[in-house]
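Me: Could you take one close look at the aromatic rings in this model, and at what lies around them? I am in my first year, so please go step by step and give the reasons as you go.

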Amino acid sequence: MSSGTRIFDPSLRNLVMTADEAAALIPHKANVGMSGFTGAGYPKDVPAALARRILDAHEHGKQFRIGVWTGASTAPELDGALAKADGIELRLPYQSDPACRERINAGQMEYIDIHLSHVAQFVWFGHLGHLDVAVVEVAAVLDGGRLVPSTSIGNNKTWLDQADKIILEVNGRHSLNLEGMHDVYYGTRLPPHRKPIPLLHPGDRIGSPYLLCDPAKIVAIVETDQPDRNTTFTAPDQNSRLIAGHIIEFLHHEVKKGRLPAELLPLQSGVGNVANAVFAGLQDSPFEGLTAYTEVLQDGMLDLVASGKLTFASATALSLSHGAAARFDAGIDEFRKRIVLRPQEISNHPEVIRRLGVIAMNGMIEADMYGNVNSTHVMGSSMMNGIGGSGDFARNGYLSFFMTPSVAKGGAISCIVPMVSHVDHTEHDVQVIVTEQGLADLRGLAPRRRARHIIERCAHPSFRPALEDYLERATRHAPGRHTPHLLDQSLSWHTNYLRHGRM
């Protein structure tokens with residue numbers, strides 16, 4: 001690619017340099033805001049060059065570690081490379097990289113797990129410290145500091161506003177026809193000057209199609225030509241299809257009861273094969289005129305947009321397989337009319353989620369019999385990925401589903417337990433739990449009724465008798481009968497697994 005191909009502001013072309021030269025502008029101890037959300041729109045070359053620089057410093061006995069702030073998870077070229085170089089002092093707010101996870105759980109990397117809707121405002125409040133550098137991928141640089149975002153927005157608006165220095169990666173792999181798909185709202189304010197977000201429908205556009213930055217803060221532009229980390233989705237397995245079937249049957253029931261309109265309410269889902277199975281099921285359902293207000297647009301949702309079942313989708317990022325990414329690029333002119341990407345402070349905004357009445361569907365690691373959900377920690381203390389945006393949607397949505405197969409590790413682990421080993425979503429925010437065994441609608445049920453409902457509907461048959469026994473004994477012997485627990489036994493299932501390899 002020749003210099004300046006996508007840099008349409010001639011005054012900025014003298015800032016084009018190599019990734020190694022740009023990485024040299026990032027100092028030890030810097031807090032660096034990186035673009036990227038669920039493997040889309042992250043910088044590819046500068047983080048890899050920075051990792052090489054960090055490794056070289058360590059080989060010469062010098063300290064070199066940075067804070068890495070992103071929108072959500074990124075890719076091996078960013079999180080993986082920097083983690084393997086032991087270059088990350090602190091990571092937030094969400095990650096899914098194996099090398100990153102290993103260092104977090106070994107106590108070698110600090111990690112702050114935070115609701116995705118909170119990140120931008122916490123940076124503006126000053127709660128997280130000072131942002132020194134922003135490294136942001138874009139599709140093009142226009143005049144006056146206007147930037148065409150790439151396949152995610154995430155926290156990029158905040159990084160560009162708050163950072164002292166800005167490094168841009170201009171990625172020629174992304175279509176220039178992305179221009180116009182984004183909606184960047186610049187109306188947020190700090191308390192006490194906040195105003196309502198003027199968004200009444202998932203398709204409303206309330207901001208600018210461009211990211212804006214001060215050209216004087218741009219210190220480097222690196223031209224790249226690399227694809228995103230495309231997500232690999234497997235075909236829905238039997239459990240995923242059963243979970244999807246339970247949810248779709250329940251939605252039909254809610255429409256018949258008059259609690260949902262025929263076209264439902266805006267849909268949100270976390271990333272994964274179960275979520276894709278739900279959208280595949282919706283493809284074959286009689287529901288029409290659907291909308292989505294979510295964080296990530298996945299294969300199943302893209303297929304619904306292409307078929308016309310989904311009339312509009314609002315997100316902050318794409319997370320597509322190789323095949324779906326190719327379909328997206330081929331049909332981008334049409335998709336641009338029915339897909340919008342927003343900053344995550346808007347895509348995950350509690351006020352907007354509540355106003356629109358979003359139907360939230362998210363995965364979990366385990367739930368207990370009273371409806372508390374653990375979506376982040378394995379066996380109480382080992383971080384998996386992070387809470388992401390599930391809490392934003394669960395607490396504020398019109399309906400909140402949490403989904404998982406009923407067992408894990410070949411049946412050695414029950415995903416329905418007496419007490420979760422870590423709580424991310426309390427029983428107050430969890431309305432519906434779904435496994436391949438069935439669906440438990442917890443709305444309007446007191447704790448002991450919730451427990452019986454979850455055990456009967458969601459627990460695997462091989463663990464159901466033990467759960468029933470625990471509930472019966474707890475109800476007789478616990479000091480309180482409202483939410484009965486035997487504290488000396490409530491986590492024994494987890495300790496049994498750690499000691500014996502089976503709950």
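Reply: A helix here is a DSSP run of H or I with at least four residues, and helices are numbered from the N terminus. The model is predicted, and every value below is computed from it. Two rings are taken as a pair if their centres lie within 6.5 Å, and by this rule the count comes to 5 aromatic pairs. One of them joins Phe-122 and Phe-125, whose ring centres are 6.4 Å apart and whose planes stand at 35°, so the pair is tilted, because planes under 30 degrees apart would count as stacked and those over 60 as edge-to-face. Both Phe-122 and Phe-125 belong to helix 5, which covers residues 119-125, and they are 3 residues apart, about one turn of the helix. As for their surroundings, Phe-122 has a relative accessible area of 23% and is partly exposed, while Phe-125, at 32% relative accessibility, also counts as partly exposed.

Another pair is formed by Phe-328 and Phe-335, with ring centres 5.8 Å apart and planes at 10°, so this pair is stacked. Phe-328 is buried, with a relative accessible area of 3%, and Phe-335 counts as buried at 9% relative accessibility, because buried means under 20%.

Rings can also have a charged side chain over them. Lys-44 lies over the face of Tyr-42, at 4.0 Å from the ring centre. In the case of Tyr-210, it is Arg-146 that lies over the face of the ring, at 4.7 Å from the ring centre.

One further aromatic residue is worth following into its helix. Tyr-470 is among the buried residues of helix 16, together with Leu-467, Leu-471 and Ala-474. Seen down the axis of helix 16, these buried residues fall within an arc of 95°, so they line one face of the helix. The partners against which the buried residues of helix 16 pack are strand 24 (416-417), helix 15 (447-458) and helix 17 (492-500). Helix 16 itself runs over residues 464-477, and at 1.5 Å a residue its 14 residues should span 20 Å, which agrees with the 20 Å between its end C-alpha atoms.

To draw the two phenylalanine pairs together, the tilted one is made of Phe-122 and Phe-125, both of them in helix 5, whereas the stacked one is made of Phe-328 and Phe-335.

Methods. Residues numbered from 1 in each chain as written. Predicted model: local features only at pLDDT ≥ 70, side-chain atom pairs only at ≥ 80, totals over all residues. Heavy atoms only, no water. Phe/Tyr/Trp six-rings, centres within 6.5 Å; stacked < 30°, edge-to-face > 60°. Helix = DSSP H or I, 4+ residues; strand = E, 2+ residues; numbered from the N terminus. Buried < 20%, exposed > 50% of the residue type's maximum accessible area, 1.4 Å probe, protein only. Lys NZ or Arg CZ within 6 Å of the ring centre and 35° of its normal. Expected span 1.5 Å × (residues − 1). Arc of directions from axis to C-beta. Contact = heavy atoms within 4.5 Å.
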